[in-house]
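The exercises below lead a newcomer through one protein model, each with a task and a worked solution. Please look over the sequence and the structure before you begin.

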Amino acid sequence: MSFQKGSKVWLQDKEYAWVEAEVIDARDKLLVVTTARRTKIMVGPEKLLPRDPDEDLGGVDDMTKLTYLNEPGVLYNLARRYALNEIYTYTGSILIAVNPFTKLPHLYNEHMMEQYKGVRFGELSPHIFAVADASYRAMMDEGRSQSILVSGESGAGKTETTKLIMRYLTYVGGKAAVDDRTVEQQVLESNPLLEAFGNAKTVRNDNSSRFGKFVEIQFDGSGRISGAAIRTYLLERSRVVKITDPERNYHCFYQLCASGKDAEKYNLGHPWSFHYLNQSKTYELDGISNAEEYLKTRRAMDIVGISLDNQEAIFRTLAAILHLGNIEFSPGKEHDSSIIKDSKSNFHLQVAANLFMCDPDLMVVTLCSRSIQTREGNIIKALDCAAAASNRDALAKTVYARLLVENINKSVGQDLDSKIQIGVLDIYGFECFENNR
Ligand SMILES: Nc1ncnc2c1ncn2[C@@H]1O[C@H](COP(=O)(O)OP(=O)(O)OP(=O)(O)O)[C@@H](O)[C@H]1O
């Protein structure tokens with residue numbers, strides 16, 4: 001790219017990434033002046049990118065309208081719009097959402113949904129409802145299934161965006177008010193349920209989804225919702241057994257501990273008495289009551305259609321996982337072997353076995369030994385304390401992951417005859433931490 005005297009440019013900057021500048025001398029090395037600080041700098045052209053000359057102070061609602069679609073142009077356009085509370089911007093048919101971190105109810109009410117219904121994409125201000133509407137119209141007009149991909153780093157707003165898409169689709173594809181609304185309710189109520197079992201507090205986000213999610217909303221030929229399927233995958237299993245302050249384990253554990261009578265029934269107390277929860281000293285979330293959330297989760301389970309017996313089995317299994325985590329080991333008589341450490345560990349073993357409905361002695365054997373297959377047959381090898389503890393953790397992780405997949409994925413009513421659907425994929429983007437666990 002060649003620059004001339006008077007060219008408007010972006011200059012790379014250590015502090016601000018890019019600053020606005022203008023070329024004032026274009027011989028040998030370029031001499032540029034930064035517009036805000038009025039400092040003169042000699043730089044090579046590799047440090048510069050061209051800048052739109054006639055920038056609209058309010059930014060443009062579609063990045064394709066920028067003369068130069070480069071990184072600083074995009075960032076500054078988003079920043080300008082964000083300053084005016086415009087959190088959505090298009091890049092062609094892609095919608096970019098900048099997390100407002102504040103509630104904007106006027107953006108998402110019924111009136112807004114009505115406004116975007118059936119309106120040509122791009123005619124109104126950029127909005128998530130416009131994307132959802134475009135996919136619904138395309139599905140209806142072409143009779144073909146559609147997909148919406150929601151991506152971004154942790155805390156970017158994927159889960160909220162996915163929920164808004166689901167809300168819009170249940171609005172346009174819902175049955176008339178007089179009809180039974182259970183499918184729509186199931187679709188929407190699956191969210192608190194998934195969040196209880198798949199979300200946790202992280203450093204970045206108090207309600208971070210620790211799994212990928214594919215929601216399929218199924219429609220009949222007339223465009224009415226006829227069913228839904230939710231598939232979760234890539235759950236962060238390690239969180240079940242290992243957490244660091246100020247993060248938390250999955251919400252459901254804290255909810256169950258705060259559930260009063262149910263907690264008592266399963267010999268649960270405050271989370272600090274459980275190894276899987278007390279590795280971090282963070283037990284509460286700002287402005288959220290674990291006990292109330294427990295009731296919400298139970299209500300969501302009712303609506304989604306999980307029977308009382310199954311609900312009971314799910315919470316019993318969660319309690320069993322917590323007790324399992326409190327089983328400690330000490331060295332056994334034989335070299336590299338282990339036994340249950342003390343009476344406290346034995347108590348938790350008995351309770352866990354009881355809740356898992358299995359034989360406690362068999363559980364001890366399972367935890368403290370490993371079966372190795374050889375050509376001559378199976379050999380049972382004793383495990384030392386560390387190996388027994390990882391064996392215990394592996395069991396906890398596997399049971400928890402199965403609980404989520406088996407119970408939640410299948411619970412929402414599916415329409416196996418549906419020919420057209422809209423799939424919404426909520427998938428995390430790359431995260432770049434110093435230590436990526
Ligand atoms: N459109 C929005 N309006 C208001 N607040 C929002 C919006 N989008 C996100 N937020 C806020 O940002 C928080 C984080 O958003 P969200 O949980 O959707 O992020 P995420 O990308 O799904 O993160 P993770 O990958 O960690 O699950 C939300 O709890 C909410 O407070």
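**Exercise 1. The N-terminal stretch**

Task: Describe the make-up of residues 4-53 and find what a record says about them.

Solution: Keep in mind from the start that this is a predicted model. Over residues 4-53 the chain is 0% helix and 54% strand, and the C-alpha atoms at the two ends of this stretch are 13 Å apart. The UniProt record, an unreviewed entry, places the feature "domain: Myosin N-terminal SH3-like" at residues 4-53. A separate step is to look at the domain assignment, which gives domain 1 (8-50) and domain 2 (323-394). The centres of domain 1 and domain 2, taken over C-alpha atoms, are separated by 66 Å.

**Exercise 2. The whole chain**

Task: Work out how many helices and strands the protein chain has, and what share of its residues is buried.

Solution: Begin with the secondary structure, which comes to 14 helices and 17 strands. Turn next to burial, where 33% of the 437 residues count as buried. For the extent of the chain, the C-alpha atoms fill a box of roughly 85 × 60 × 50 Å along the principal axes. Finally, among contacts between residues at least 6 apart in sequence, 61% join residues at least 24 apart.

**Exercise 3. The nonpolar cores**

Task: Identify which helix gives the most to the largest nonpolar core.

Solution: The largest nonpolar core has 80 residues, and those with the most contacts inside it are I128, I165, L169, F253, L256, L318 and A319. To this core helix α11 (residues 308-325) gives the most, namely eight residues. Taking L169 as an example, and leaving out residues up to four places away in sequence, one finds that L169 touches A132, Y136, I217 and I422. There is also a second, separate core of eight residues, and this one includes V9, L11, V23 and V32.

**Exercise 4. Around the ligand**

Task: Determine which residues come nearest to the ligand and which elements supply at least two residues of the shell around the ligand.

Solution: There are 18 residues around the ligand, and of these G157, K158, T159, E160 and S208 come nearest. By class, the shell consists of five nonpolar, 10 polar and three charged residues. Two elements, α5 (158-172) and β10 (208-209), each supply at least two residues of the shell, and α5 gives the most, with three residues. As a further step, consult the unreviewed UniProt entry, which lists G152, E153, S154, G155, A156, G157, K158 and T159 under "binding site".

Two of the listed residues can be followed into the fold. G152 is placed in strand β8 (residues 146-152), whereas G155 is found in the loop between β8 and α5. G152 counts as partly exposed because it has 18 C-beta neighbours inside 10 Å, and G155 is also partly exposed, with 17 other C-beta atoms within 10 Å. When neighbours within four places in sequence are left aside, G155 is in contact with N99, R204 and N205.

**Exercise 5. A helix residue and its surroundings**

Task: Decide whether H251 is buried or exposed, and explain why.

Solution: First locate H251, which is in helix α7 (residues 251-257). Then count its surroundings: H251 is buried because 24 other C-beta atoms lie within 10 Å, and the cut-off for a buried residue is 20 or more. Apart from residues up to four places away in sequence, H251 touches E195, A196, N199, A200 and E293. The C-alpha atoms of H251 and D206, which are 45 residues apart along the chain, are separated by 10.0 Å.

**Exercise 6. Backbone details in loops**

Task: Find which peptide bond is cis and where L234 and M357 lie.

Solution: The peptide bond from D245 to P246 is cis, with omega near 0 degrees, and P246 is found in the loop between β12 (225-233) and α7. L234 lies in the loop between β12 and α7 as well, and although L234 is not a glycine, it has a positive phi of about 55 degrees. M357 is placed in the loop between α12 and α13 (360-368), and M357, not a glycine either, has a positive phi of about 60 degrees. As for exposure, L234 is exposed, with 11 other C-beta atoms within 10 Å, and M357 is exposed, with 10.

Note on methods: Residues are numbered from 1 along each chain as its sequence is written. This is a predicted model: local features need pLDDT of at least 70, side-chain atom pairs count only at pLDDT 80 or more; totals for chains, interfaces and linings use all residues. Helices (H or I, at least four residues) and strands (E, at least two) are DSSP runs, numbered from the N terminus. A residue is buried if 20 or more other C-beta atoms lie within 10 Å of its own, exposed if 12 or fewer, and partly exposed in between; C-beta atoms are placed from the backbone. Two residues are in contact if their C-beta atoms, placed from the backbone, lie within 7 Å. UniProt positions are given in the numbering used here, feature names are shortened, and annotations may be inferred rather than shown by experiment. A nonpolar core is a set of buried Ala, Val, Leu, Ile, Met, Phe, Trp, Tyr and Cys residues joined through C-beta atoms within 7 Å. A residue is near a molecule or strand if its C-beta atom, placed from the backbone, lies within 6 Å of it. Ala, Val, Leu, Ile, Met, Phe, Trp, Tyr, Cys and Pro count as nonpolar, Asp, Glu, Lys and Arg as charged, and the others, Gly among them, as polar. Domain bounds come from an automatic or database domain assignment.
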